[in-house]
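Trainee: I'd like a close look at one part of this thing, namely the charged side chains and who they pair with. Give me a bit of the overall picture to start, then zoom in.

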Amino acid sequence: MNTFDIIESSLGFTEIRSKLLADCFTPVGCELASGEFFTNRATQIERALSLTAEMKYILEYQGGLPALAFGDIREELARIKTPGTPIEIETLQTIAFIIEKMNDLLALLRQNEEKTPLLGALVAEQIFDRALGKRIGDILDETGEIRSNASERLAEIRKSIVSQRRKIEKSIHSMLKSMKEKGLVEEEANLNMRGGRLVIPVPAAKKRSIKGVILDESATGQTVYIEPIEIFELNNEVQDLEYEEKREIHRILIALADDIRPLTPQLLSNIGFLGEIDFIRGKAKMAISHNATKPVFSENRETVLMQARHPVLEESLKRQNKKIIPLDIELRPDQRIVIISGPNAGGKSVAMKTVGLMQYMFQCGFLLPVAEGTRMQAFEQILTDIGDQQSIENDLSTYSSHLLNMRRFIETGNAQTLVLIDEFGSGTEPESGGAIAEAVLGVLNRKQVYGVITTHYFNLKMFAANHTGVANAAMLFDNEYLKPLYRLTTGKPGSSFAIEIARSIGLPEEVIAEASEKLGQGRVEMEKMVQNLENEKVKLDDRRRQIEVGEEFVSELIEKYNRLNKSLQEKRAGILAKAENEAKTILHDVNALIEKTIRDIRQEQAEKEKVKAIRKDFEEKSASLVRKSEKIIEPLPMKKQEPAEKMPVRPLIAGDRVRLDGSGDAGEVLEIKNNKVRVQFSNAAITVNPDRLVLVPKNNTKPAPVKKKIQIVAEKKEAVYTLDFRGMRAEEALAELEKFLDNALLSGVRSFSILHGKGYGILRSVIRKHLFQYKDILEYKDAALEFGGEGITEVRFV
């Protein structure tokens, strides 16, 4: 195994590569997925990450790429370099497919050139011959057969073959009928095919009665299949034509190969390009499945992983319906090496492997399963010492292999190296192993190496506490429930909790007591106290983050309120200005109507019938203007769900306050004469029948609501309005809704409901799409199930 194989196997990248390979469908794509694509060049890493991010955008928001699966034709293209060599039909089909996909990709990436500049530049570099694709399509049909019109000679040959076969069929049918009449064949006998030729089944006893060639016989030998001599000669002619057809097809394929031969470099470039696109798509699909993002390059030689998740472990836990606990860790110039300690099976090795895998994937151009804000740096080399690397072949023990790795780390390590060491110093006698590990750690620290190391050794924890560039970190452990928390905290070493774990698995108490005595009860209690303090610190940090999030939320609410208040003030000013303009227009119309009425009465010289007609016309126009004026100031066109309080029925008298039925404006009764009532409204005095008037209290002059498909339900001091749009067309409902919203903003309505029904959900969808335009000032949701559910949308101004 080479270095990369060892790294990939120990970190879990082998599974990543296998998944990537399964998502590639082109020959070059599979080769790229199988090859080595680790790089330490920052420009190459940035380009690979950006290409993958652009492809992720295409897959998520543009419906993906066209299918790219095709066979490997590179050897076939090399074969036709020799003049006179015909090209295979399968190769022609693949070339046509490649040209088609190149054209599709060019169109797709041109549509998204702002979001995918690098992918667009890649396809722009490619040259492909659309005319060649069209010519192949003119020669091959959908099934891959050569079309008859591929050449004039081929068309003539196939026409002759068809004609000759019809002649054969007609002749042999005639012969069969004649033989049946002569009794040479059975009455129910039918023509058969043998070797692609029509034959007649004849009883073996009568085979000599027919001149022809026996092509086959039945299993029992009682029936022979004869091709009559006349048909035999005709079939030979057909066979000659078929040979000529093959020769003509061969000639056509040679001509096509001659046309394609100069385009071979171009086609090879297209194949390589589609393979690269296939490879990038495989990485983008993996990024989507892992919810991965693009990290940023660090300018300060630091690696900051935020909420990092080991993708292989995450998938494994997902299959068990478990969730992974993300990792936060930093490597920076003042904290280049992190020493992780803690209990067995507490997550030390997983944390170290997560750091290593994130770094390796980053330098292979993969997007990472991390949170935004993650910063990465590129290392020249990654060195690992993970697992049992003993070798029988080289006569190496486990510890010997570890020492060989340490020698290599010391010889090649530098400030551009990341080392990953698991269970540092283990494999031999603890005191010697710990001493050697501490000496190696000192050398690596002096060489400015970056690294993540796991250990149980106390002297290594002390080294980290006393040396710049090295920091302790611990995997947290729940002392109460005696289980690991799988969370990393930096700054303090962790305990192995061997005594606690031994007690939890049921080791005899006398054994535990003796071990505690040998270890020293004080040290055991100290480790417990340190761990409890760390757990409390983590809880406090979590609480602090929650408070910060809450403060941000409150700030957003304040900003939203200020923005909303400004929007409402602007809209209110607009509505008032509009109402004022419309009121001026109506007042002008009223004055014109009064002047016209007076003028008409004077002109008619007070003739009784004429005056009546003029007054009637005046009343109708005046009522219309009154209703129009109400629409300017009414808060809502609505009717009350509960009937309005009725006044006691009594004759009207002068001075009563009344409303015209269907109008919101209140007026005063001036006089009652001849069963007619003259009323002074705000804009005009009119004479009407008393049954059209509604008596109102003198202290209530508010406009009465107009009867429309909107209801009010009084509840405490806040009115809740219900808009009934059932049976309306979408445009009618939207017009009523827009009018309602304008009036509601002006009149201070806080909430309302829209009754649209369920049906197919079309009206509901149209209404909600319209409400979405006001998302800054209102919010909406379905009503509770017991109050109508999806049939009613509840709206509230925020």
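Mentor: Quick bit of groundwork: accessible areas here come from the Shrake-Rupley method with a 1.4 Å probe. On that basis the chain exposes about 44200 Å², and carbon and sulfur atoms supply 52% of it. Keep in mind that this is a predicted model. The chain is 798 residues, with 42% of them buried, and it has 22 helices and 25 strands. If you take contacts between residues at least 6 apart in sequence, 68% of them join residues at least 24 apart.

Now to the charges. A salt bridge here needs a Lys or Arg side-chain nitrogen within 4 Å of an Asp or Glu carboxyl oxygen, and by that rule the count comes to 32. Let's go through a few.

Start in helix α4 (residues 42–61), where Lys-56 and Glu-60 sit four residues apart, about one turn of the helix. Their closest N and O atoms are 3.3 Å apart, so they form a salt bridge under the 4 Å cut-off. The two partners don't share a burial class: Lys-56 has a relative accessible area of 16%, so it is buried, as the limit is under 20%. Glu-60, with 37%, is partly exposed.

Helix α10 (residues 229–260) has a pair of its own, Glu-248 and Arg-251, with a spacing of three residues, again about one turn of the helix. The N to O distance in this salt bridge is 2.7 Å. Here the acid is the buried partner: Glu-248 counts as buried at 9% relative accessibility, while Arg-251 is partly exposed at 44%.

The next one goes beyond a simple pair. Asp-72 and Arg-74 form a salt bridge, their closest N and O atoms being 2.9 Å apart, and a network of salt bridges links both of them with Glu-31. Asp-72 is partly exposed, with a relative accessible area of 45%, and Arg-74 falls in that class too, at 25%. Two helices come into view around here. Helix α3 covers residues 27–34, and its buried residues are Pro-27, Val-28, Gly-29 and Ala-33. What covers those buried residues includes α5 (74–79), along with α2 (13–22) and α11 (264–289).

For contrast, look at charges in a patch, where a residue must have no salt bridge to be included. Glu-181, Glu-186, Glu-187 and Glu-188 form a negative surface patch. Glu-187 sits in the loop between α9 (152–182) and β1 (192–194), and it's exposed, with a relative accessible area of 57%.

Two more arginines round out the tour. Arg-135 is in helix α8 (residues 130–139) and counts as partly exposed at 33% relative accessibility. Leaving aside residues up to four places away in sequence, Arg-135 touches Leu-256 and Asp-259. Leu-256 is 121 residues away in sequence, yet the C-alpha to C-alpha distance is 9.1 Å.

Arg-301 is one for the backbone-minded. Most residues other than glycine have a negative phi. Arg-301, though not a glycine, has a positive phi of about 55 degrees, and its place is in the loop between β5 and β6 (303–308). At 26% relative accessibility, Arg-301 counts as partly exposed.

Notes: Residues numbered from 1 in each chain as written. Predicted model: local features only at pLDDT ≥ 70, side-chain atom pairs only at ≥ 80, totals over all residues. Heavy atoms only, no water. Buried < 20%, exposed > 50% of the residue type's maximum accessible area, 1.4 Å probe, protein only. Contact = heavy atoms within 4.5 Å. Patch = residues over 30% accessible without salt bridge, like charges linked within 9 Å, V, L, I, M, F, W, Y side chains within 5 Å. Lys, Arg positive; Asp, Glu negative; His and termini not counted. Charge placed at Lys NZ, Arg CZ, Asp CG, Glu CD.
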